[in-house]
Amino acid sequence: MKHSSRCPDCGGGLQNLPRNAGRGMIWIYRHTLSPLVGFNCRHLPTCSVYGDEAIGRFGLWAGGWMTLARLLRCQPWGTSGIDNVPSTLSADARWYLPWRYARWRGVNDGS
């Protein structure tokens, strides 16, 4: 078995194409629109860092839902503070119930 020096999240192959495409869109946002909009995120880490980590860790489907929920929480009357990507998926999350991947209220100040 040959070991690769690449990181497991960044690997090539067709199975990682959606994940890498999602992370690529976040990269484009960070380097084009984000400097124009300003750096005003209410959470730490920022929403783009959160999205990149969620998609990198859980894939485009689950990570995308987590990112959507985070973006909806990041508004003037929303939450603020430390909000890390969960280390594991929710036990009741299923691909056909995608809203269960995300945390729609509150922040997670633990890991």
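**Exercise 1. Which helix gives the most to the lining of the largest pocket?**

First, some ground rules. This is a predicted model, where local features need pLDDT of at least 70, side-chain atom pairs count only at pLDDT 80 or more, and totals for chains, interfaces and linings use all residues. Residues are numbered from 1 along each chain as its sequence is written, and side-chain values use heavy atoms, with hydrogens and water left out.

Step 1: list the contributors. α1 (17-31), α2 and α3 (47-73) each supply at least two lining residues; helices are DSSP runs (H or I, at least four residues), numbered from the N terminus.

Step 2: pick the winner. That's α3, with ten residues.

Step 3: look toward the middle. Of the 23 lining residues, Y29, T46, C47, S48 and L71 lie nearest the pocket's centre; lining residues have an atom within 4 Å of a pocket grid point.

**Exercise 2. Work out how many disulfides the model has.**

Step 1: recall the chemistry. A disulfide is a covalent bond between the sulfur atoms of two cysteines.

Step 2: apply the cut-off. Counting pairs of cysteine sulfur atoms within 2.5 Å gives zero disulfides.

Step 3: check the candidates. C41 is in no disulfide, and its nearest cysteine sulfur, that of C47, is 3.3 Å away.

Step 4: compare exposure. C47 is buried at 12% relative accessible area, while C41 is partly exposed at 30% (buried is under 20%, exposed over 50%, partly exposed in between, with a 1.4 Å probe and protein chains only).

**Exercise 3. Decide whether V37 is buried or exposed.**

Step 1: place V37. This residue lies in helix α2.

Step 2: read the number. V37 has a relative accessible area of 56%, so call V37 exposed.

Methods
1 Å grid on protein atoms, 1.4 Å probe; cavity = no way out; pocket = protein on both sides within 12 Å on 5 of 7 lines; lining within 4 Å.
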